[in-house]
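Colleague: I am new to this structure and should like to understand the terms used for it. May I put some questions to you?

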Amino acid sequence: MRGLLQLLIWQITVPCAVSFLPSLPPARRIRSIQSLRASPSSWQSYVSTHPDATAALNKVLSEVADPELQDVAFLFVGQAHAKSFDGLVKLASHHFGPTTELISLIGGGVIGEKRELDIPNQACLSLMTGILPEGAKIDVGNPQDFKLAKNADILLFVDPWSDIQSIVDSLKPASVVAGGISCPVSQGQPSLGYMNQALPPGSALALKLSGPIALQTVVAQGCRPIGKKSLTITELQKGQVITKLDGKPALEVLQEVTNKASPEDHPLIETGLLCGIASSEGEGDYLSRQMVGFVPSIGGIVVGAPNIKEGDEFCFQVRDATIAEQDLKWMVERAKTARLVNGDYEPLAAIQISCVARGRGMFGVPNMDISNIVDLLPGEHPVIGGFFANGEIGPVGISGGSSGVHKPSHVHGFTTVVAMICERRYPQAKKDADEAKDEIADAWG
């Protein structure tokens with residue numbers, strides 16, 4: 001048994017996080033763009049698998065209609081083009097010009113045109129652009145520089161060397177925070193870009209949405225409990241070393257779980273045993289976390305997550321493709337139902353952030369997640385862009401927009417986060433309703 005546990009530990013890798021968080025250049029610390037056009041909002045998404053990075057970018061740029069009108073552009077670059085990242089950022093920025101907010105990022109794969117391009121070492125990139133609804137505003141900058149209102153919605157992109165948990169915690173006044181962690185190929189490599197600059201390691205970018213534009217998020221889990229579904233952390237050391245569960249040594253409980261596991265679960269355990277910490281929302285959802293080490297002398301398990309407390313509910317977990325697919329389908333249906341009940345938000349486009357451990361590596365077939373996500377957007381040609389991430393950021397379940405629910409965001413693993421960019425329609429709907437009430441009142445004298 002000890003050999004199996006040691007194997008599980010050595011299979012885990014965790015990116016190093018440091019506290020260095022550089023600001024954007026002073027002239028662009030917070031930059032705003034507001035759409036004053038009366039033209040309707042429109043979005044586009046294109047991908048390329050050309051092996052030459054410049055040719056791949058030129059291909060997707062050539063497909064964008066009216067590039068000079070685009071208010072915002074997201075360039076997602078696969079790792080095979082990582083060495084060309086700085087040049088790609090500059091070329092894309094030159095193409096769109098200074099009036100388009102360009103955010104660039106390296107992912108473990110990219111998403112667009114209803115495809116998930118996640119084959120290891122595959123040359124790929126994805127470009128998503130949009131014209132904002134009239135009056136919509138986006139502020140872009142370092143998240144530490146924002147003063148947030150409770151009704152702010154935030155898209156957040158960070159690299160693995162930023163102080164990720166502190167950044168997410170600092171944004172809690174916002175209604176919805178969604179995004180992901182980039183996937184640089186090597187330590188110290190820039191993997192985020194803003195406008196014509198590749199940003200240094202330790203950077204973070206936040207986009208604050210306001211006016212008639214908002215986010216609705218869907219977060220689908222990829223794990224299920226194994227063994228007893230709910231244990232209580234009864235002893236904790238140094239904030240991350242769980243020494244007792246339900247009053248018993250944590251390592252002893254883990255050994256009992258692995259000994260009693262079904263034959264069907266043995267392969268799942270061997271490919272990576274995880275744990276879940278109950279979310280603060282109290283809906284029975286668990287945040288999946290890696291176990292990063294053992295302390296046999298005290299029967300302890302080291303969990304790769306901050307903010308664990310004695311009394312928290314805990315479970316052991318395995319990754320499960322069937323559960324992952326079912327959970328996403330359920331979340332999609334919940335989001336669609338919420339939209340029927342409250343039709344004040346119209347989805348325009350979506351950014352899909354999927355864990356690098358999902359995709360065909362989990363499901364065995366391509367495009368599993370996006371084939372369900374397309375049902376969230378109206379029309380025959382839903383616009384979805386995105387990337388495979390080193391970690392995903394978002395609330396548990398569905399939040400924001402027509403859900404009518406606003407929850408705190410967390411850093412996740414093994415999930416898919418869908419950030420739907422929506423146009424708010426409720427001001428006009430409220431005005432129409434008020435006018436109707438006035439007409440009824442007048443009719444009754």
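Colleague: How do you know that the span of helix H7 agrees with its 21 residues?

Modeller: The expected span of a helix is 1.5 Å times one less than its number of residues. For residues 321-341 this gives 30 Å, and the end C-alpha atoms of H7 are 31 Å apart, so the two agree. Helices (H or I, at least four residues) and strands (E, at least two) are DSSP runs, numbered from the N terminus. The model is a predicted one, in which local features need pLDDT of at least 70, side-chain atom pairs count only at pLDDT 80 or more, and totals for chains, interfaces and linings use all residues. Residues are numbered from 1 along each chain as its sequence is written, and side-chain values use heavy atoms, with hydrogens and water left out.

Colleague: Which residues of H7 are called buried?

Modeller: Buried means under 20% relative accessible area, exposed over 50%, and partly exposed in between (1.4 Å probe, protein chains only). In H7, Ala-324, Asp-327, Leu-328, Met-331, Val-332, Ala-335, Ala-338 and Arg-339 are buried. They lie on the same side of H7 because they cover an arc of only 135 degrees around the axis, taken from the directions from the helix axis to the C-beta atoms. The face turned away from that side carries the exposed residues Leu-340 and Val-341.

Colleague: What covers the buried residues of H7?

Modeller: Contact means heavy atoms within 4.5 Å. The cover includes strand E14 (213-220), strand E22 (345-355) and helix H8 (360-363), among others.

Colleague: What makes E14 a mostly covered strand?

Modeller: Of its 8 residues, 8 are buried. Ile-213, Leu-215, Thr-217 and Val-219 point one way, while Ala-214, Gln-216, Val-218 and Ala-220 point the other way. In a regular strand the side chains alternate between the two faces of the sheet.

Colleague: How do you know which strands E14 pairs with?

Modeller: Two strands pair if DSSP finds at least two bridges between them. E14 is joined to E27 by 8 bridges and to E25 by 4 bridges, so both meet the definition. Both pairings are antiparallel. Ile-213 stands opposite Glu-423 in E27, and Gln-216 has Gly-400 in E25 as its bridge partner.

Colleague: What is called a nonpolar core, and how many residues has the largest?

Modeller: The term denotes a set of buried Ala, Val, Leu, Ile, Met, Phe, Trp, Tyr and Cys residues joined through side-chain atoms within 4.5 Å. The largest has 40 residues, and those with the most contacts inside it include Trp-43, Leu-155 and Ile-351. E22 supplies the largest share of this core, 4 residues.
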